[in-house]
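Dear colleague,

I am passing on the structure we talked about, so that you can open it beside this message. Below it I have set out what was found, in the order in which I would look at it.

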Number of protein chains: 2
Amino acid sequence: MLGVDPGLTRCGVGVVDVAPDRSAKLVHVGVVRSDPSWPIAERLAAIAAGLREVFDAHSPDVVAVERVFAQQNRTSVMGTAQASGIALLIAGERGIPAATHTPSEVKAAVTGYGAADKIQVQTMVARVLRLDALPKPADAADALALALCHAWRGGSSAGAAASAPLTPAQQAWADAERLARR
Amino acid sequence: MLGVDPGLTRCGVGVVDVAPDRSAKLVHVGVVRSDPSWPIAERLAAIAAGLREVFDAHSPDVVAVERVFAQQNRTSVMGTAQASGIALLIAGERGIPAATHTPSEVKAAVTGYGAADKIQVQTMVARVLRLDALPKPADAADALALALCHAWRGGSSAGAAASAPLTPAQQAWADAERLARR
C-alpha cells in the first residue's frame, strides 16, 4: 500500500504492508522534492521521476493520494493539485487502483478522531508501525497515515462500521488514553 | 508552438507555426477527451496518452498552457489543474520550454482587449489563421489562441510594448471595427 501526500516542493511517500488482521509494517518512507526556483514543468518532471522510482522499487498493489480542495485557498494549492494528478497518473498508467481520501478521513481512520492534530496522527502512525520515533518530516508521516487509512477503510468496507472492532490505531489510542487517566 | 487548454473531460490542443513577421499558420487542432465515468487515475492516463500523441506528431518547440486559478471555484477546477500539470509534465520530461498564460492575457494578445468574449477570440483566431469557419469546439479554439498569445508575447518581449506595431490580430480587429463603423 503506497500513500502519497502530494506537494510540489515536498511530496511525502509512505509504503506499508498491511496484514489481513490489520497489523501493519513500515516498508519505506521518504519525501520527493523539487527545487522551487525551477520552472514548473521541470519541477513536475522531477516529482514524477521521484514517484516512479518509488513505484518501481515497491510495486504497490494500491495507491492512496490525499484529496486536494480548491477551498484550501493557499497559493500552493494549484501545485499540490498538479502533484496529486501526477501521482494518480502514474498509478493509472500502470493499471494500479488509486483512491483519494480527505485529511479528516485519514485522521478519523488513524486516530478515531477526525479533528486530530498532526502530533496525534504522527503518534498513532509511530505506534501502529512500532517505530522508535515519530516519522519525519510531516509530509512523510501524512503519507504513511494515508496508506494506513486506505488499507483499513478498504479492509472494513464489507463489514458494518458500527459493530466493527477497534482498528489497531483506535485500540492503541484507547489504551493510551486509559494510561493517561491513571 | 503548441497551446493546451487544460481539461479533464475535454482538453483542447492547437498547434500553429508562427513566422518571424508574426503571421501564423494552422498545423493541427483537436481535443483530447476522457470518459467522466472512469476512475480519476485512468482519466489522467487517457489525457496524458492523447497529449503525448500530439507531442510525438508535431514536436513543438514551445508549449503554452492556460493558467488555472483556485479562485475559479468550480467543481471541475481540481481536474483542470491536474490536466494542466500533465501537459506541463510532458513538456518538462521532454525538455521543451513551457509557459502559462491567464485567460485575460490570451484575450488581450489575440483581440487587443482583455475582456473580449469567446466569439471575439474565435473570430480573431479564424481570421489570423485564415480559416473558413470558427475553430470548434471552444476548447480547441482556446488552445489555438493560447499558442498565438505565447508566440506573439514571446516575439515582442524584447521590444517596447507601447511603440510596437499592431499584431496581425490587433490589425485585423482594428480593420473589422473600421468596417463595422462605415
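**What was found**

Chain A contains six helices and five strands, and, read from the N terminus, its elements follow the order β-β-β-α-β-α-β-α-α-α-α. Please keep in mind throughout that this is a predicted model. Chain A has 182 residues, of which 49% count as buried. Among the contacts in chain A with a separation of 6 or more, 62% are between residues 24 or more positions apart.

The largest nonpolar core comprises 48 residues, and the residues with the most contacts inside it are A:V4, A:L51, B:V4 and B:L51. To see what surrounds one of these, you could start from A:L51: when its neighbours within four places in sequence are left aside, A:L51 is in contact with A:V4, A:C11, A:V13, A:V32, A:I86, A:A87 and A:I90.

A:L51 also takes part in a pairing of helices in chain A. Helix α1 of chain A, residues 40–58, and helix α2 of chain A, residues 77–93, have axes that come within 10 Å and cross at roughly 45°. Because of that angle, α1(A) is oblique to α2(A), and the crossing in which α1(A) passes α2(A) is right-handed. On the side of α1(A), the contact is made by A:I40, A:L44, A:A48, A:L51, A:R52 and A:F55, while α2(A) contributes A:Q82, A:A83, A:I86, A:A87, A:I90, A:A91 and A:E93. Sorted by class, the residues in the contact of α1(A) with α2(A) are 10 nonpolar, one polar and two charged.

A second pair of helices is found in chain B, where the axes of helix α3 (residues 103–111) and helix α4 (residues 118–128) come within 9 Å and cross at roughly 45°. α3(B) and α4(B) are therefore oblique to each other, and their crossing is left-handed. In this pair, B:K107, B:V110 and B:T111 of α3(B) meet B:Q120, B:V121, B:M124 and B:V125 of α4(B), and by class the contact of α3(B) with α4(B) has four nonpolar, two polar and one charged residues.

When you have the two pairs on screen, you may wish to set them side by side: the crossing of α1(A) with α2(A) is right-handed, whereas that of α3(B) with α4(B) is left-handed.

With best regards

Definitions and conventions: Residues are numbered from 1 along each chain as its sequence is written. Chains are lettered from A and ligands numbered from 1 in the order in which they are written. This is a predicted model: local features need pLDDT of at least 70, side-chain atom pairs count only at pLDDT 80 or more; totals for chains, interfaces and linings use all residues. Side-chain values use heavy atoms; hydrogens and water are left out. A nonpolar core is a set of buried Ala, Val, Leu, Ile, Met, Phe, Trp, Tyr and Cys residues joined through side-chain atoms within 4.5 Å. Buried means under 20% relative accessible area, exposed over 50%, partly exposed in between (1.4 Å probe, protein chains only). Contact means heavy atoms within 4.5 Å. Axes are lines fitted to C-alpha atoms, for helices over the stretch in contact, and angles run from 0 to 180 degrees between N-to-C directions. Helices (H or I, at least four residues) and strands (E, at least two) are DSSP runs, numbered from the N terminus. Angles under 35 degrees count as roughly parallel, over 145 as roughly antiparallel, 65 to 115 as roughly perpendicular and the rest as oblique. A crossing is left-handed if the near helix is turned anticlockwise from the far one by less than a right angle, and right-handed if clockwise. Ala, Val, Leu, Ile, Met, Phe, Trp, Tyr, Cys and Pro count as nonpolar, Asp, Glu, Lys and Arg as charged, and the others, Gly among them, as polar.
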